[in-house]
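User: I've got a protein model open and would like to talk through how its strands fit together. Can you take a look with me?

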Amino acid sequence: MARPESHANNCSEIQEPSPKIPKLHKNGDVSADPLLIRVKKLSDKAILPSRASTLSVHHDFGSAVETKVPARGKALVATDISISTPQGTYARVAPRSGLTWKHSIDVGAGVIDADYRGPVGVILFNHSDVDFEVKLGDRIAQLIIEQIVTPDVAEVDDLDPTLRGEGGFGSTGV
């Protein structure tokens, strides 16, 4: 149940969502909700993706393991979940801004195809000179749902001209 909270000046109320996420069983009809991300826990250490606030565009991924991302190295961090995205969408795994800014942690290989049903792992790159410790339950990445557009490819003899033309890296800068 949502609980109201007041700002210090008592001028408005904010309704926060309930942290409880209902579990739908095999016989539950989930096809009626086209915007549902279906999540299967693969272990008791799995954490359901969750949004930090009602206006968050992403769901945070939690680590299901304790591990170390070595300095200037990388690690595949298990989430122990599998997902199914809404029809016409795919999931993008993006870095968390706080981890990037404070610890130089980035995310690689960030696409989960709509038809993939295996375990979701997050590749973390450590761009710092210090090992990064991942604890069980740490928020390690963001899950962003995006619409799929898959146009056909057609070979052409020429492309339409633009002001930029063939200007490459840095060509639009000062």
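User: Which residue in β11 is the bridge partner of D106?

Analyst: Keep in mind that this is a predicted model. D106 falls within β9, which covers 105-108, and β9 runs antiparallel to β11, residues 121-126. Look in β11 for the bridge partner of D106, and you land on F125.

User: How many bridges join β9 to β11?

Analyst: The two strands run antiparallel, and the D106 pairing with F125 sits in this stretch. The count of bridges joining β9 to β11 is four.

User: Which strands stand at the edges of the sheet, and why is one side of each left without a neighbour?

Analyst: Three strands make up this open sheet, in the order β6-β11-β9, with antiparallel pairing. The edge strands have a single partner strand each, so one side of each has no neighbour in the sheet. Those edge strands are β6 (74-78) and β9 (105-108).

User: By what angle are neighbouring strands of this sheet turned against each other on average?

Analyst: We're still on the β6-β11-β9 sheet. Ignoring direction, the average turn between neighbouring strands is 35°.

User: Zooming out, how many helices and strands does the protein chain have?

Analyst: Going along the sequence, the pattern reads β-β-β-β-β-β-β-β-α-β-β-β-β-β. That gives one helix and 13 strands.

User: And what share of the residues counts as buried?

Analyst: Buried here means under 20% relative accessible area. The protein chain exposes about 12800 Å², with carbon and sulfur atoms supplying 54% of that. Of its 174 residues, the buried share is 26%.

Notes: Residues numbered from 1 in each chain as written. Predicted model: local features only at pLDDT ≥ 70, side-chain atom pairs only at ≥ 80, totals over all residues. Heavy atoms only, no water. Pairing = 2+ DSSP bridges. Axes fitted to C-alpha atoms, helices over the stretch in contact; angles between N-to-C directions. Buried < 20%, exposed > 50% of the residue type's maximum accessible area, 1.4 Å probe, protein only. Areas by Shrake-Rupley, 256 points an atom, 1.4 Å probe, with all protein chains shown as cover.
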